[in-house]
Amino acid sequence: MAFKFVTLFAALVAVASAGVIPAAPLASVANVEEYDPHPQYSYGYDVKDAISGDSKTAVETRDGGFVQGQYSLNDADGYRRIVDYTSDPINGFNAVVRREPLVAAVAPVVKAAVAAPVVAAPAPVAAYAAAPVVKAAVAAPVVAGPAVVKTTFASPLISYAY
């Protein structure tokens with residue numbers, strides 16, 4: 001570590017003494033970007049991929065410090081998540097999250113197997129009957145309404161939708 005420091009220091013001394021580093025004028029170094037005191041924009045996108053099943057949308061508008069938007073996507077658990085959000089300098093970031101099932105709930109299906117009849121056997125051999133087998137398919141839980149979650153972030157410095 002000390003060897004690297006000594007080598008770096010020696011290289012800097014050599015460059016400084018050789019006068020290789022020219023002094024650049026300050027005006028050419030400072031590229032000042034314009035400041036927009038009232039930014040405005042609006043955008044949106046929609047992705048629907050039939051092969052992968054990917055489906056998502058987003059829209060957002062901004063007028064000064066006020067941002068309003070919505071985005072949605074399909075979750076892996078079979079629900080569509082929809083987030084409506086707003087952000088402003090007074091209230092910060094506020095979001096309302098809704099979840100809706102992608103398919104309607106189906107009534108549970110019950111399949112039952114009937115036991116084989118008991119056949120009389122000669123005396124030394126015992127007869128056994130198989131226990132009945134019941135297979136039940138459980139459907140997704142029935143949701144009375146979409147779940148709503150309200151999230152609030154009170155930070156005027158950061159206003160992200162994610």
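This passage walks through the aromatic pairs and salt bridges of a predicted model.

The aromatic side chains make a friendly place to begin. In total, 3 aromatic pairs were counted. One of them brings together Tyr-71 and Tyr-85, whose ring centres are 6.2 Å apart and whose planes meet at 50°, an arrangement classed as tilted. This pair joins distant parts of the chain, with the two positions 14 residues apart in numbering: Tyr-71 belongs to strand E3, which covers residues 66-74, while Tyr-85 belongs to strand E4, which covers residues 79-88. Both tyrosines, Tyr-71 and Tyr-85, are buried. Phe-93 also enters the picture, since ring pairs connect Phe-93, Tyr-71 and Tyr-85 into a cluster.

Another tyrosine has a charged partner. The ring of Tyr-79 lies beneath the charged end of Arg-99, which is placed 4.6 Å from the ring centre. Arg-99 also takes part in a network of salt bridges, together with Asp-75, Asp-77 and Arg-81. Thus Arg-99 appears both over the ring of Tyr-79 and in the salt-bridge network.

Across the whole structure, the search returned 7 salt bridges. Within the network just described, the side chains of Asp-75 and Arg-81 come together with an N to O distance of 2.7 Å. The two partners can be looked at in turn. Asp-75 is classed as buried because its relative accessibility is 14%, and the limit for that class is under 20%. Arg-81 has a relative accessibility of 28% and is therefore counted as partly exposed.

A further salt bridge pairs Arg-98 with Glu-100, at 3.4 Å from N to O. How accessible are the two residues of this bridge, Arg-98 and Glu-100? Arg-98 is partly exposed, because its relative accessibility comes to 23%. Glu-100 falls into the partly exposed class as well, with a value of 30%.

The side chains of Asp-46 and Lys-48 provide one more example, meeting in a salt bridge with an N to O distance of 3.6 Å. Lys-48 has 58% relative accessibility, so this residue counts as exposed; the class begins over 50%.

Taken together, the salt bridges described here include a buried residue, Asp-75, and an exposed one, Lys-48. The aromatic cluster, for its part, holds Tyr-71, Tyr-85 and Phe-93, and the pair of Tyr-71 and Tyr-85 links strand E3 with strand E4.

Technical notes: Residues numbered from 1 in each chain as written. Predicted model: local features only at pLDDT ≥ 70, side-chain atom pairs only at ≥ 80, totals over all residues. Heavy atoms only, no water. Phe/Tyr/Trp six-rings, centres within 6.5 Å; stacked < 30°, edge-to-face > 60°. Helix = DSSP H or I, 4+ residues; strand = E, 2+ residues; numbered from the N terminus. Buried < 20%, exposed > 50% of the residue type's maximum accessible area, 1.4 Å probe, protein only. Lys NZ or Arg CZ within 6 Å of the ring centre and 35° of its normal. Salt bridge = Lys/Arg side-chain N within 4 Å of Asp/Glu carboxyl O.
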